[in-house]
Structure formats: structure tokens, C-alpha cells
Amino acid sequence: MGQGPLDAQVRSSLSGNMGLKRRGTWPNRAGALTEMTQIELARAGVVTAEMEAVARDEGLEPEQVRSEVASGRMVIPANRVHLAQGLHPVGIGVAAKTKINANLGTSPVQSDAECELRKVLAAIQYGADTVMDLSTGPRLEEIRCRIIQAVQVPVGTVPIYEVAERLGDICDMRPRDFLDTVERQARQGVDFMTVHCAVLREHLPLTEKRITGIVSRGGSLVAKWIMAHGRENPLYEHFDELCEIFRHYDVTWSLGDGLRPGCLADACDEAQFAELRVMGQLAQRAWQHGCQVMIEGPGHVPMDQIELNVRRQREWCHEAPFYVLGPVVTDIAPGYDHITSAIGAAMAAWYGAAMLCYVTPREHLGLPTLDDVRQGVIAYKIAAHAADVARHRPGARARDDALARARFAFDWEEQFRLSLDPETARRMHQESLAGSPASDDRYCSMCGPKFCAMRTSEELRHMARSRP
């Protein structure tokens, strides 16, 4: 346990109350029980069970995890309700391995609850660290509850979607409508929520010269409310009340980038960076309330501007974990945006982004299918892993080295086992060897036995060992 500003009496009581650790409940100085969030406990010098779990998964020392959480550089999205249902804690921050998030959910015109649940489970199977339920349409609470109960990874939402769905017209929203929705979702066990608090009334004119305007669904809904009422963003004005709800359940803030660019031409404009400055201010306010915070980022960004985006976020938002959507690095590849965005995602993670929100091949075209989800997750696992290797995170390259050894040994089953998508790798290998002698598979079909370089290398080594 790290040392911090807890007095001797409280430290003594902590040692006898380890069974309370999982719920993040600790005795206060008066002896009564009080709820504390992960960041509050970390600041108090306490290494929680959740921090210990993150340390084991990341190959880090528990004290380092505590320090990162205390500083705000790492978050552990772990709603107390979801923890009680078996949530496995995940650490998101620059000191941890790069995480990926999968957005899923129904729409009013496509898919259903059963289909989306299958996609959620597939996303986790292929390596998603968190999932977001972005459902719109009917049965929102039922779908959300089923997802939370079915998974052990953190679950996120965008509460304004439910508000808009319930009211029909977002212009009818009262602040209490939004606060009640957030409270209800927190009570269900949502671990992190995207709220577009930083879209201010003064920012809206800055978007008028954009090619694609406001492309964030949540951002556009907030902007419509502001324009209709001629008032400031109510989510900004009621930020402190939202913090009270978040702190009570230990829901992690995901400050939404409602003014993110929707095309390369709109990247790094005045609107995007004006919102980012406000997000940094709100992050500090959330920390003062004892809440965990991460910051959402763009979007569509040319490759030469990705480093600038990460650097400014880390500076202006005080190193709160950066969570980016892509970014997409070219606008000309509909149907392949899992590739255009994975390029940007790898670069963003290399420069210091903590979590990557996946993009599927069907981005900009429609709701992803089950196979689109698989392709999107795999593309982003590649991007995240490549960045982790480049940043020399503990143990990141071990799997690469193990697969390389299996490849040289022509141990195909071990190669499949170590690959991100064993089923696809095995199928492609079997298809390529159709008609070849079953007794000899110590080569790949691209080269054949005569021209296989690794087979020849193996022969060279044998020849060298055989020389007198």
C-alpha cells in the first residue's frame, strides 16, 4: 500500500477491512463508512483491489498504477454496480498498454438487441477492452442492462441519445431530464459516459465555414438545443451536479469532443481547439470533485497533424488519458475506413493516446455487421499493439517473438494460436495448401519448398553445424 495523507488510525482500520476493498468503500476518520472513488483512494495513498488487478494485467508495480491514477494520467472505469456484477478492471492511460473500444448498438432502422449482443461478445472475443452501447430506437434500457450483465469489460454510453429518443425532440430537454437519465444509467452500472459539456454557445459560429459542420451526434444535439433556446449549453452549466452523480457511482467522465472534425479540411480548426481548451478546464473541475476523467479526440486528421493533436491535448488537458476515434487519415476510402483510421490510430497511440475507438469498414455507410465488427477490432488491435511495441511497454513484444520462432520452426498450430485471428489464419493456410502433399508442410505456399527462404536458412544452419 502506498503512503499518503491517511492518519495512523485510518491506516489501522484499513488493514482490518480488506473485504470492503472491492467496492471501494473505506472507513472515514469518524469510523463511519464513506464511498470513495478510485482517484480519491489513490490520492489518499490506497492501492485498491482494482489497481492491483490493473498492475497484474499491465506488468506494472501496484504503486505505479496508484500514482498514475492519483495524478489523473490513468483511469480505471469501474462503476460500483458493475464491479459487484463481476467487472474486470481495466487501466486506461499512457503508462498502460493501448486499449481499444468498440462502439455498438441498435438503430431505429436496423439491427435488434440479439444481433447487437452477438456483436458485443464478438468484439470482446477479438480483443476489445471496452464497449460502448450507442443504441437508439426502442428498448434502450433493456439492451443496456443485457450488455452490462453479459460482459466483464467496462461499458460506456452517450446519455443524450436516450434523452433525445425519449423526448422525440432534443429542444424539449430540460436539465433535469438529462440529469435523471445519467443517474438512471449510472444506477444500471455504466462505467463511463460521453457527455458533450465543452460545446459552448460561443463556439457554434466557428463551425459555419466547415465543409462537414458538426459531425458528432451528441455535439449536434447539444448545438441544436443551444440554438433553439439562445442559451448556454445546459450540460456545461450543470457540470458540478453531473460530477456529484459520477462520483457517487464512480463513473468515469469521457469528455466528448462534440466539435471534432468530420473531414481532413476541417481538422485542427478554431472550433476544435476552442472546445479542447474548455475540456481541459472541465477535467480539472472533475478532479476537484473526485471524479476520473478521459478526453475524447478526433476524428479526421491528416497524418502530419496527428502529433500536434496529441501534444496539445496532453498539454491543455493536463495529461488526462486521450481517447481518439481513429483518426481517419484520408477521406477517399469508404468501405475501407477500418484501414484509413487504423493508420491514424497507430500514430496517435505512438505519440501518446491511451485508447483507440475502433472504426469498421462500414463507417460512414451503415450499421456494422458481425464481420465488420471483427475486421474493425482486429485492425485496431494491430494498431494498438504496434504502438505498444514501439513504446517498449512491458512484455509487448513477447508475443511477436514467440510467433516468429513458431514461424521459423514451421509450427503452424502455434502460429495460429498466437495470431490475433486464429480462425482466419488457419483457413487461409489450409486453402493455400490445397492439393499439396499432406506429409510436408515445412514451407509456405507463396514460395513452395524449393524457394522457401526460411527452409533454406534452416538447411544452411544444418550445413554449418555439419562442417568439420
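## Close-up views of a predicted model

**View A. The largest cavity in this predicted model.** The residues around the largest cavity are D257, Q272, F273, E275, L276, M279, E296, G297, P298, N309, Q313 and F322. Two or more of the lining residues come from each of α13 (270-288), β10 and α14 (306-316). Helix α13 is the main contributor here, giving the most to this lining with 5 residues. By type, the lining of the largest cavity has 5 nonpolar, 4 polar and 3 charged residues. The space enclosed in the largest cavity comes to about 90 Å³, and the model holds 7 cavities of 30 Å³ or more. If you like a general picture of how such spaces are found, rolling a probe the size of a water molecule over the atoms shows where empty space is left.

**View B. The second largest cavity, with α7 and α8 in its lining.** About 70 Å³ of space lies in this cavity. To find the second largest cavity in the structure above, look for D133, L134, S135, L140, R144, T157, V158, P159, Y161, E162 and Q185, which line it. The elements that supply two or more residues to this lining are α7 (140-150) and α8 (159-167). Of the elements, α8 gives the most to the lining, with 3 residues. The lining of the second largest cavity is made up of 5 nonpolar, 3 polar and 3 charged residues.

**View C. The second largest pocket and its 42 lining residues.** Which residues lie nearest the centre of the second largest pocket? They are N103, L134, R217, R260 and E363. The volume of this pocket is about 970 Å³. At least two lining residues come from each of β5 (99-104), α10 (217-229), β10 (293-297) and β11 (322-325). Strand β11 provides the largest share of the pocket lining, 3 residues. Sorted by type, the pocket lining contains 18 nonpolar, 17 polar and 7 charged residues.

**View D. Helix α6, residues 113-125.** Why does the length of α6 agree with what is expected of a helix? At 1.5 Å a residue, its 13 residues should span 18 Å, and the end C-alpha atoms of α6 are 18 Å apart, so the two agree. The buried residues of α6 are A113, E116, L117, K119, V120, A122 and A123. An α-helix has 3.6 residues a turn, so residues three or four places apart point the same way. The packing partners of the buried residues of α6 are β5, β6 (130-133), α7 and α16 (370-390). After α6 comes G127, which has a positive phi near 125 degrees.

**View E. The whole chain, with its confidence values.** The protein chain contains 21 helices and 12 strands. Of its 468 residues, 55% are buried. Among contacts between residues at least 6 apart in sequence, 70% join residues at least 24 apart. The mean pLDDT of the chain is 90, with 88% of residues at 70 or more. Residues 1-34 have pLDDT below 50, and beyond near neighbours in sequence this stretch makes 66 contacts in the model. A friendly caution applies: where pLDDT is low, the predicted coordinates should not be read in detail.

Key. Residues are numbered from 1 along each chain as its sequence is written. This is a predicted model: local features need pLDDT of at least 70, side-chain atom pairs count only at pLDDT 80 or more; totals for chains, interfaces and linings use all residues. Side-chain values use heavy atoms; hydrogens and water are left out. On a 1 Å grid over the protein atoms alone, a cavity is a set of points where a 1.4 Å probe fits but cannot get out, and a pocket is an open set with protein on both sides within 12 Å along at least five of seven lines; lining residues have an atom within 4 Å of a point. Grid points are joined across faces, edges and corners, and a volume is the space filled by probe spheres set on the points. Helices (H or I, at least four residues) and strands (E, at least two) are DSSP runs, numbered from the N terminus. Ala, Val, Leu, Ile, Met, Phe, Trp, Tyr, Cys and Pro count as nonpolar, Asp, Glu, Lys and Arg as charged, and the others, Gly among them, as polar. pLDDT is the predictor's confidence in each residue, from 0 to 100. Contact means heavy atoms within 4.5 Å. The expected span of a helix is 1.5 Å times one less than its number of residues. Buried means under 20% relative accessible area, exposed over 50%, partly exposed in between (1.4 Å probe, protein chains only).
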